[in-house]
Amino acid sequence: MNERIALDLGLGDLVDVLVVAALVWLALRYLRRTRAGPALLGLAMLGGVYLVANWFSLELTAALFQAFFAVLVLVMVVVFQDDLRRFFEQIGALGSRRRNHDERAPDSLDVVARAVARLAASHTGALIVIAGREPMERHLEGGIALAGRLSEPLLLSLFDTSSPGHDGAVILRGALVERFATHLPLSADHAQLGSVGTRHAAALGLSERCDAVCIVVSEERGSVSIARDGRLLQLARPEDLFAALADLREPEPGARAPWRDALAWREAGVALAIALALWLVFVPGSREVEVTLPARVVVERLPNEYRLDKVSPEEVKVTLSGRRRDLLLARGALEARIDALLVKLGRRSFEISPDEVSRPAGVQVVEIAPARVRLTVVDENAPPELEVPEALRLPESVSPAVPSAPETAPSEG
């Protein structure tokens, strides 16, 4: 492999990332609406710490978090069983169309808004539930089945004070009045409820558990409130209910699609980033690969009386083997260290061993090329060379005379 460490993101990996991103996106949208959001957000932060520890090979920290998460799974199932059930119900509801869109008459919401306005004007208490995609039957108690066609006179008669079921809730599904005199779960969110009555607590309680929209008419004040996604909002005027229910109507041609919402795009971006981070840590980051990277030659322990003049070569190629995420950390920080203490004994050529290559833990050195480097040093304590004066220097074309040995007379025998 060359110096560049490719991610090798194929079609299968892309589908893998998109599936995980979709699940994370659902979780983020759910966290935004649930009361368990702060607790689950804290768990997500701990999960991020675990991913970082796993990325940097902090084995003790990663092992501690693994043991913690193993126990935490059982705790979450017990503590957040209702929230987990609703989360899976939301996933199951994705493939189904909103049934009340299929069955609703074009003016069904207008019928509800007109009836609520008349009930508010007469200070008649009322609680109307517009069913969503998520199942809510397990949250309902009692009630009388009706399955009647929705109309304004029918709603007014059901909430008439002389009616035996006027204190309960009316369940609307599409253009049908499914049940009336139904009891809803009460909310314990006293910060939102304040001094309002039981109808408001019931409306808020059901909106915390499913995606139903609950409309409340106050008997004492004649005001209209709407509860959805765990939030209770009191309308300034009963006529404002038309605008509050606008997103439940059939979309007009060319209307803005929900997926064009800026918040949904931000959530999708965060979900995609989280999915990519998980993919990098657990998929390509855990694969064993080989890569060749440059390593700068660093000279250490050079005796003080010597000055380093040149290193040949100044950089070597090191082939490493290990997990891809560890090799990504090694890039740009690789060094080959030379112990130059033996320079004082005349050594100038040094071989680089794998132990002298600085690298992240878990990465092995396969090959070093070249494996030997040469140092050029200057001995600061060496006596300076004698310089011959210019007047005494011979021209380069003249060779200095070499005295010959004196001739000796032959000896007479």
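**Notebook: a nonpolar patch and two strand pairings**

I looked up Leu272 first: at 35% relative accessibility it counts as partly exposed, because that class lies between buried, under 20% relative accessible area, and exposed, over 50% (1.4 Å probe, protein chains only). The model is predicted, so I note that local features need pLDDT of at least 70 and side-chain atom pairs pLDDT 80 or more, while totals for chains, interfaces and linings use all residues. Residues are numbered from 1 along each chain as its sequence is written, and side-chain values use heavy atoms, without hydrogens and water.

Leu272 is found in helix H11; helices are DSSP runs of H or I, at least four residues, and strands are runs of E, at least two, numbered from the N terminus. I then listed the nonpolar surface patch of about 690 Å², which includes Leu11, Leu14, Leu272 and Leu276. Patch residues have over 30% relative accessible area (Shrake-Rupley, 1.4 Å probe) and no salt bridge (Lys or Arg side-chain nitrogen within 4 Å of an Asp or Glu carboxyl oxygen); nonpolar side chains are joined within 5 Å, like charges within 9 Å. Helix H1 (11-33) and helix H11 (262-282) each supply at least two residues, and H1 gives the most, with six.

Next I checked strands S6 (residues 224-228) and S7 (residues 231-234), which run antiparallel and are joined by four bridges; pairing needs at least two DSSP bridges. Ser225 stands opposite Gln234 in S7. Two residues lie between the strands of this hairpin, and Asp229 takes a positive phi near 55°.

Last, I traced an open antiparallel sheet of three strands, ordered S9-S15-S12. Strands S9 (306-312) and S12 (349-351) are its edges, each pairing on one side only. S12 pairs with S15 (residues 372-379) over three bridges, and Phe350 stands opposite Val373 in S15.
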